[in-house]
Amino acid sequence: MIDFTLYLVTDRKLTGSRTLEEIVEEACAAGVRAVQLRERDLDARELFDLARRIHTITAKHEAFLFINDRIDVALAVGVEGVHLRETSLPVAEARKITGPDMLLGTSIHSPESAVTAYRQGADFLVYGTIFDTHSKPDLQETAGVQSIVRVTQNIPIPVFAIGGITPDRTRMCIEAGAHGVAVISAIMQSDDVARTVNQFKEQLVIL
Amino acid sequence: MKPKIGKLHVLTDTILQSKYTHPDLGRMAIDGGADTIQFRQKKGTLLEMYRNAEEIVKLCRDADVTMIVDDRIDIAFAVDADGVHLGQSDIPLTIARKLLGEKKIIGGSATDFDELQKVIEDGADYVGFGPVFGTMSKENPGKPKGIQFMKRVAERSSIPVVAIGGIKLEHVDDLFRTGIHGIAVISAICCSDDPETATRDFMKIIKDKHS
């Protein structure tokens with residue numbers, strides 16, 4: 001059951017003078033209920049150590065922690081979920097490894113792959129890149145808000161919009177059919193994480 | 001019963017050479033008589049690794065060769081490999097054992113006696129010890145130990161020792177005389193013009209003199 005609408009995705013290189021732990025602590029204290037640890041340059045041991053520290057924080061706040069791509073690290077730490085890229089294992093293969101209880105989120109970039117991921121048993125999807133963003137400079141094409149409609153119309157599982165999402169841009173994503181938003185830089189780089197989280201929450205209140 | 005830990009571990013590598021793919025190398029090493037393949041893909045996506053591992057595990061099954069996956073326990077699960085090899089920068093051995101259970105092989109890496117002791121205490125089934133010689137296959141591999149040092153390693157270790165690091169054909173006989181269980185080879189096979197023949201040459205010495 002996906003009962004969160006704000007999905008925080010980490011990038012420890014964006015946190016400036018603060019540690020990732022501090023940002024996650026502040027974000028969860030302000031009400032973030034799901035965090036994806038996405039630190040692709042770390043080796044397995046470094047990721048494992050960091051994930052354990054972050055999981056202590058998320059667990060204290062009863063938030064879910066997802067590990068990007070490394071299913072084995074997710075299992076090793078005992079977190080709540082895995083976040084798959086389109087270049088990770090197919091969802092059905094990942095499910096065999098994680099068992100039925102772990103949550104599986106999947107990044108998708110087209111309506112077709114959304115349907116495939118849903119049919120294979122993904123619990124929720126992350127779709128983007130919606131707006132221009134500095135977190136993924138290698139992906140220059142932005143899909144735009146209207147494309148969310150096509151991705152979400154045929155599938156019953158929650159879809160989160162990602163890519164350049166700010167509080168101001170949140171409502172239009174929801175109106176286009178997104179269940180929630182996935183946020184990297186707006187929170188990682190915020191001078192006041194609690195305030196930014198609250199701004200998102202105001203936009204995400206279901207009317 | 002656990003699969004057997006072979007005497008000649010061929011580690012697949014596509015960084016030092018790009019002529020052959022991982023499955024190519026696996027197939028040629030198997031055809032040349034290797035008794036263990038360690039699938040070791042350091043670059044690329046999880047999906048690519050999975051597809052490669054899937055192919056190699058099939059080849060290994062058909063030839064009754066042990067298949068070990070380097071670093072990625074999730075791939076070992078996905079293709080039902082015989083085990084994993086975990087270095088000092090991978091998931092800790094004790095945690096890996098909890099995930100994999102007793103039926104899978106877990107190998108650990110050590111470069112000195114302290115690490116050897118820890119690898120044994122943490123429940124590894126074998127230890128990859130080295131580098132015996134200078135090597136290009138690993139960044140910051142540490143100081144080469146030399147063949148005679150491996151005698152002390154073999155004496156001290158209560159689990160099978162697999163020597164690694166720059167091992168060439170001319171070292172094989174002397175290395176096995178130190179009492180080690182096996183050797184792991186990358187460059188001398190993967191970077192050879194003919195990996196199958198190179199594997200066969202290694203295996204012949206092991207079979208003729210040390211089995």
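Select chain B and colour it by secondary structure: 9 helices and 8 strands appear, where helices (H or I, at least four residues) and strands (E, at least two) are DSSP runs, numbered from the N terminus. The model is predicted, and for that reason local features need pLDDT of at least 70 and side-chain atom pairs count only at pLDDT 80 or more, whereas totals for chains, interfaces and linings use all residues. Residues are numbered from 1 along each chain as its sequence is written, while chains are lettered from A and ligands numbered from 1 in the order in which they are written.

**Chain B as a whole**

With the C-alpha atoms of chain B displayed, the box that they fill, taken along the principal axes, is roughly 40 × 40 × 35 Å. The radius of gyration of chain B is 16 Å, which agrees with the value near 17 Å for a compact globule of 211 residues; this radius is taken over C-alpha atoms, and the globule rule is 2.2 Å times the number of residues to the power 0.38. Of those 211 residues, 49% count as buried, a residue being buried if 20 or more other C-beta atoms lie within 10 Å of its own, exposed if 12 or fewer, and partly exposed in between, with C-beta atoms placed from the backbone. Among contacts in chain B between residues at least 6 apart in sequence, 61% join residues at least 24 apart, two residues being in contact if their C-beta atoms, placed from the backbone, lie within 7 Å.

**The barrel of chain B**

Now select the strands of chain B, 8 of which close into a barrel in the order S1-S2-S3-S4-S5-S6-S7-S8 with parallel pairing; two strands pair if DSSP finds at least two bridges between them. Neighbouring strands of this sheet are turned by 25° against each other on average, direction ignored, the axes being lines fitted to C-alpha atoms, for helices over the stretch in contact, and angles running from 0 to 180 degrees between N-to-C directions.

Select residues 182–185 of chain B next, which form strand S8. Both faces of S8(B) are covered, since B:Gly182 and B:Ala184 on one side and B:Ile183 and B:Val185 on the other are all buried. On one flank, strand S1 (residues 8–11) of chain B runs parallel to S8(B) and is joined to it by 3 bridges, with B:Val10 having B:Val185 as its bridge partner. Strand S7 (residues 161–164) of chain B is likewise parallel to S8(B) and joined to it by 3 bridges, and here B:Ala163 has B:Ile183 as its partner.

From S1(B), move to strand S2 (residues 36–39) of chain B, where B:Thr36 and B:Gln38 on one side and B:Ile37 and B:Phe39 on the other are all buried, so that both faces are covered. S1(B) and S2(B) run parallel and are joined by 3 bridges, and B:His9 stands opposite B:Thr36. Elsewhere in the barrel, strand S5 (residues 105–110) and strand S6 (residues 126–129) of chain B pair in the parallel sense over 4 bridges, with B:Gly108 opposite B:Val127.

**Chain A**

Switch to chain A, whose secondary structure comes to 9 helices and 8 strands. Its radius of gyration is 16 Å, close to the 17 Å that the globule rule gives for 207 residues, so chain A is as compact as a globular protein of that length. Buried residues make up 48% of these 207 residues. In chain A, too, 8 strands close into a barrel with parallel pairing, in the order S1-S2-S3-S4-S5-S6-S7-S8.

Select strand S6 (residues 124–127) and strand S7 (residues 159–162) of chain A, which pair in the parallel sense over 3 bridges; A:Leu125 has A:Val159 as its bridge partner. Helix H5 (residues 111–119) of chain A packs on the sheet, touching strand S5 (103–108) and S6 of chain A, and its direction makes about 165° with that of S5(A).

**Where the chains touch**

Finally, display both chains: 16 residues of chain A are in contact with 15 residues of chain B. On the chain A side, helix H2 (44–60), helix H3 (71–77) and helix H4 (91–98) each supply at least two residues, and H3(A) gives the most, with 5 residues.
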